[in-house]
Amino acid sequence: DGNLQIPVMGEDITTLFTGALSDMSYANLSESAYNFRFLVVKPSSGPNILMPVLSDAASVAGGVSIPIAEAYDTYMFSANIADNGNILGDNRNVKITTTLGNPAQTIYSTFTVAAIYGICRISS
């Protein structure tokens, strides 16, 4: 219905998970992901990943790429959402480093999630 103001970190932010969430594990959220318009995944190192939460979606996914010297680092996160929205499961926390050249070289690794936040609370 128009523009949606996205708050900066520190405004309208709810901490849903803190800890060390590794690849292929589960995050028990402090409240339902469906209470928010977006989730933010904070890796233990690297940029935050912003993901929209759709009311009828059974999963969330997002990624962000950052340039480094003659390469790109891409951080990707995806997870299934439990029916009540309180669990993100079967996670894929993947870091992809692509080194430019001929041919380009790609390295896949995983990262640990340090926190998950909910932003833009949906009013009831």
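A nonpolar core is a set of buried Ala, Val, Leu, Ile, Met, Phe, Trp, Tyr and Cys residues joined through side-chain atoms within 4.5 Å. The legends below use that term for a predicted model.

**Figure 1. The largest nonpolar core has 21 residues.** Six of them touch the most other members: Leu29, Leu39, Val60, Phe77, Leu88 and Ile116. Several strands feed this core. Strand 1, strand 3 (36-43), strand 4, strand 6 (71-81) and strand 9 each supply at least two of its residues. Which strand gives the most? Strand 6 does, with four residues. As background, nonpolar side chains in soluble globular proteins tend to be buried together.

**Figure 2. A second core stands separate from the largest one.** This core has six residues. Among them are Ala115, Tyr117, Ile119 and Cys120.

**Figure 3. Four strands form an open sheet.** Their order is 1-9-3-4. The pairing is antiparallel. Why does one side of strand 1 and of strand 4 lack a neighbour in the sheet? Strand 1 (13-21) and strand 4 (49-52) stand at the edges with a single partner strand each, so one side of each is left without a neighbour there. From one strand to the next, the twist averages 20°.

**Figure 4. Strand 1 meets strand 9 (residues 113-121).** The two run antiparallel. How many bridges join them? Six bridges do. For one residue pair to find in this view, take threonine 18: its bridge partner in strand 9 is alanine 115. Ala115 also belongs to the second core.

**Figure 5. The whole chain is built with nine strands and zero helices.** Read along the sequence, the pattern is β-β-β-β-β-β-β-β-β. The radius of gyration is 15 Å, close to the 14 Å that the globule rule gives for 124 residues, so the chain is as compact as a globular protein of that length. Along its principal axes, the C-alpha trace spans about 55 × 35 × 25 Å.

**Figure 6. Contacts and surface of the chain.** Take the contacts between residues at least 6 apart in sequence: 54% of these join residues at least 24 apart. How much of the chain is buried? Buried residues make up 37% of the 124 residues. The chain exposes about 7200 Å². Carbon and sulfur atoms supply 50% of that area.

Terms used:
Residues are numbered from 1 along each chain as its sequence is written. This is a predicted model: local features need pLDDT of at least 70, side-chain atom pairs count only at pLDDT 80 or more; totals for chains, interfaces and linings use all residues. Side-chain values use heavy atoms; hydrogens and water are left out. Two strands pair if DSSP finds at least two bridges between them. Axes are lines fitted to C-alpha atoms, for helices over the stretch in contact, and angles run from 0 to 180 degrees between N-to-C directions. The radius of gyration is taken over C-alpha atoms; the globule rule is 2.2 Å times the number of residues to the power 0.38. Buried means under 20% relative accessible area, exposed over 50%, partly exposed in between (1.4 Å probe, protein chains only). Contact means heavy atoms within 4.5 Å. Accessible areas come from the Shrake-Rupley method with a 1.4 Å probe; for residues, only the protein chains shown count as cover.
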